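Student: Before we look, I would like to understand on what grounds contacts and pockets are named in a model like this one.
Tutor: Then let us set each value against its definition.

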Number of protein chains: 2
Amino acid sequence: MNKYDSLTLKNQLCFPIYLCSKEIIRRYTPLLDDLDLTYTQYITMMYLWEHNTSNVKDISDALFLDSGTLTPLLKKLEAKEYITRTRSLKDERNLDVTITKKGLTLRDKALSVPCEMSKCINLSEDEVKTLYSLMYKIVGNLSKEEE
Amino acid sequence: MNKYDSLTLKNQLCFPIYLCSKEIIRRYTPLLDDLDLTYTQYITMMYLWEHNTSNVKDISDALFLDSGTLTPLLKKLEAKEYITRTRSLKDERNLDVTITKKGLTLRDKALSVPCEMSKCINLSEDEVKTLYSLMYKIVGNLSKEEE
DNA sequence: TACAATTAAATTGCATACAACCAAAAAAAG
DNA sequence: CTTTTTTTGGTTGTATGCAATTTAATTGTA
């Protein structure tokens with residue numbers, strides 16, 4: 001026990017969270033290769049599968065990604081013909097992002113991914129529930145402090 | 001309840017983990033500015049504060065970062081004069097990474113960081129313990145599958 | 001001891017991430 | 001109805017991350 005104990009890796013809570021996130025995303029990669037999606041593109045598609053049409057701001061708010069990340073990412077999804085990008089007629093500042101037929105089709109191919117992932121994660125239902133709520137609690141606490 | 005329920009953001013466990021990691025790192029940034037460190041550089045220094053001397057492979061194993069990430073990062077830490085990089089005499093394939101006096105001094109300046117962070121995270125001791133063990137459980141499960 | 005296999009870093013290429021800044025459009029204020 | 005402010009996306013710059021490849025050094029083997 002010494003004065004620098006708080007600065008050891010094994011006493012960090014953030015480090016395993018960081019590890020966990022990285023390793024999970026690394027594990028997604030081969031599962032998503034079939035869909036020609038990266039992890040970030042996958043969650044973007046997931047948002048669009050639920051909403052069909054949206055814009056950069058709403059996607060940004062939902063996924064906690066800024067335009068510097070989203071603009072090139074959405075261009076890549078457009079290049080793969082999973083979405084379309086058009087200026088809104090009502091408000092030219094907005095960019096309408098809409099899923100295509102090809103993008104919708106992808107949803108069926110993606111159905112096996114969540115199941116495969118949860119097999120890798122391999123937690124009990126209770127553990128998943130606990131973890132889920134703790135994660136959102138932290139995210140909430142972090143944004144609370146920020147106002 | 002429909003067939004695509006497993007593909008909604010709110011039913012993902014991985015998404016809040018990913019969010020949490022990102023938001024925590026974003027919160028580290030201003031705290032680490034004083035030390036002229038990024039988050040990844042910070043955990044690398046943390047490892048070196050404990051070990052004084054190491055090499056790329058051991059750092060890589062400890063931090064789950066590959067040489068493609070570490071090589072440029074260590075060069076930056078060298079440029080800041082926090083570490084030295086020299087080829088090992090015993091085995092020229094190895095790169096000796098050693099902390100400098102300036103790098104050691106940094107440790108005292110860093111002492112306030114963990115405390116500040118845990119104030120932002122704001123979880124109870126029990127919650128921290130639960131979360132910590134669940135995170136390492138997942139990391140363990142993921143690497144188990146990988147042999 | 002030659003030669004193959006292994007190991008450690010470095011390099012290359014691609015995809016995030018975010019801060020900081022910018023430009024255009026729309027809304028608010030006077 | 002101008003002028004100012006705010007909002008929305010885009011751009012630029014810096015720093016990861018990782019897969020795949022390469023190079024050099026060392027180890028194992030016939």
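Student: What makes a residue count as near DNA strand C, and how many residues surround the strand in this predicted model?
Tutor: A residue is near a strand if one of its heavy atoms lies within 4 Å of it, and 29 residues surround DNA strand C, the closest being Thr38(A), Gln41(A), Tyr18(B), Lys57(B) and Ser67(B). Of the atoms of DNA strand C that come within 4 Å of the protein, 81% belong to sugar and phosphate.

Student: Why is the pair formed by Thr38(A) and a phosphate oxygen of DNA strand C called a polar contact?
Tutor: The term requires a pair of N or O atoms within 3.5 Å; an N or O atom in the side chain of Thr38(A) is 2.7 Å from a phosphate oxygen of DNA strand C, and the pair therefore qualifies. Polar backbone atoms also take part, with that of Glu92(A) at 3.2 Å from a phosphate oxygen and that of Phe64(A) at 3.4 Å from a phosphate oxygen, so these pairs too meet the cut-off of 3.5 Å.

Student: How do you know which residues line the largest pocket, and which lie nearest its centre?
Tutor: Lining residues have an atom within 4 Å of a point of the pocket, and 18 residues line the largest pocket, with Ser118(A), Val128(A), Asn11(B), Gln12(B) and Leu13(B) nearest its centre. Its volume is about 400 Å³, and the largest share of the lining, 5 residues, comes from α6(A).

Notes
Residues numbered from 1 in each chain as written. Chains lettered and ligands numbered in written order. Predicted model: local features only at pLDDT ≥ 70, side-chain atom pairs only at ≥ 80, totals over all residues. Heavy atoms only, no water. Polar contact = N/O pair within 3.5 Å; in protein donor to acceptor, adjacent residues only side chain to side chain. 1 Å grid on protein atoms, 1.4 Å probe; cavity = no way out; pocket = protein on both sides within 12 Å on 5 of 7 lines; lining within 4 Å. Points joined across faces, edges and corners; volume = space filled by probe spheres on them. Helix = DSSP H or I, 4+ residues; strand = E, 2+ residues; numbered from the N terminus.
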